[in-house]
Amino acid sequence: MKKEEKAKEILKSLGSVVIAFSGGVDSTLLLKLSLEALGKENVLAVTAKSPTYPKKEVEEAQKIAALLQASHLIIETEEMKNPLFYENPPDRCYHCKKELFLALENERERNGLAAIVDGSNADDLKDYRPGRKAAQEMGIHSPLAEAGLSKEEVRKMAKRHALPNWNKPSFACLASRIPYGVKITAEKLKKIEKGEDFLKKEGFSTVRLRDHGEIARIEVGKEEISKILSPLMREKIAKILRELGYLYITIDLEGYRSGSLNKMLTLKGEKKC
């Protein structure tokens with residue numbers, strides 16, 4: 001409760017905010033606390049729409065913002081036009097976030113609001129993330145992180161506030177499914193989105209479809225590996241993913257882990273993204 005009050009005090013000190021609102025549990029909690037601390041008239045939730053962000057995620061963000069009776073705006077970002085992004089270097093996330101924050105700055109000025117905030121939590125600060133560098137350069141505030149809230153604490157707080165997505169699995173943009181150095185295209189992103197949508201409809205809660213050209217490498221939660229390895233499920237998945245254009249379909253026996261493609265950077269002695 002002390003950390004929640006601290007987050008609210010930080011928000012009150014800002015006066016009015018634009019929220020980078022993805023519809024995930026972190027930004028949803030931030031939206032809830034912002035509305036309580038500042039009032040609806042001083043809060044604008046903004047969701048960015050692009051080929052890197054699945055349509056269903058945008059729709060979920062719309063529903064949650066409506067549930068919380070928050071002012072909500074959907075904008076389009078154009079990171080796919082930036083070669084520093086689509087050429088997929090290790091600092092890809094920096095260029096994506098810079099595009100987002102510049103767009104949010106335009107909305108902040110247009111709506112006469114004082115600051116931009118995002119839903120980064122304290123755990124996010126423990127890893128090297130180029131997106132955080134963009135946030136620092138743009139003066140973006142992270143009230144949850146500044147209040148010391150970990151991911152687990154965010155979930156517990158979201159549950160206490162009866163937020164519908166308190167246990168929603170973490171999500172990263174679809175570009176994170178493509179190995180660094182391999183060009184990101186709208187076609188690849190759409191194929192990945194369709195494959196992950198299919199797997200989620202089959203009941204897998206945590207899913208990553210890593211695109212390795214002709215090979216699809218599927219990561220699911222460790223508790224779901226036995227389910228995905230059942231003969232009928234394997235056959236069904238292979239059929240659908242081959243229809244999407246993959247020649248070989250593999251199941252990662254280590255299961256889902258955040259940033260698994262960063263292993264290549266570690267092997268090369270580079271920093272993680």
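User: Which elements do the buried residues of α3 pack against?
Analyst: This is a predicted model, and in it the buried residues of α3 are Glu57, Val58, Ala61, Ile64 and Ala65. Their packing partners are one helix at 25-38, two strands at 43-49 and 72-76, and one more helix, α9. By name, that makes α2, β2, β3 and α9.

User: Within what arc do those buried residues fall, seen down the axis of α3?
Analyst: An α-helix has 3.6 residues a turn, so residues three or four places apart point the same way. In α3 the buried residues line one face of the helix. On the other side, Lys55, Lys63, Ala66 and Leu67 are exposed. The buried set lines one face because it falls within an arc of 125°.

User: What does α3 reach from its first C-alpha to its last?
Analyst: α3 covers residues 55-67, so 13 residues, and at 1.5 Å a residue the expected span is 18 Å. The model comes out close to that, at 19 Å.

User: And which residue with positive phi follows α3?
Analyst: Just after the helix there's a residue whose phi sits near 60°. That one is Gln69.

User: Which element gives the largest share of the largest nonpolar core?
Analyst: That core has 30 residues, and Leu11, Val17, Ile19, Phe21 and Leu31 touch the most other members. Elements giving two or more residues to it include α1, β1, α3 and α8. The top contribution is 8 residues, and it comes from α2.

User: How many residues are in the second, separate core?
Analyst: Leu174, Leu189, Phe198 and Ile218 are among its members. The count for this second core is 22 residues.

User: Which strands stand at the edges of the open sheet of 3 strands?
Analyst: The order is β5-β6-β7, with mixed pairing. Two of the strands, at 207-212 and 248-251, each have a single partner strand, so one side of each is left without a neighbour in the sheet. Those edge strands are β5 and β7.

User: What is the bridge partner of Arg217 in β7?
Analyst: β6 spans residues 215-220 and runs parallel to β7, with 4 bridges joining the two. In β7, the residue bridged to Arg217 is Thr250.

User: Which helix touches β5, β6 and β7?
Analyst: Helix α9 lies across β5 and β6, running at about 145° to β5. The helix touching β5, β6 and β7 spans residues 231-243, and its direction makes about 135° with that of β7. That's α11.

Note on methods. Residues numbered from 1 in each chain as written. Predicted model: local features only at pLDDT ≥ 70, side-chain atom pairs only at ≥ 80, totals over all residues. Heavy atoms only, no water. Pairing = 2+ DSSP bridges. Contact = heavy atoms within 4.5 Å. Axes fitted to C-alpha atoms, helices over the stretch in contact; angles between N-to-C directions. Buried < 20%, exposed > 50% of the residue type's maximum accessible area, 1.4 Å probe, protein only. Arc of directions from axis to C-beta. Core = buried A, V, L, I, M, F, W, Y, C linked by side-chain atoms within 4.5 Å.
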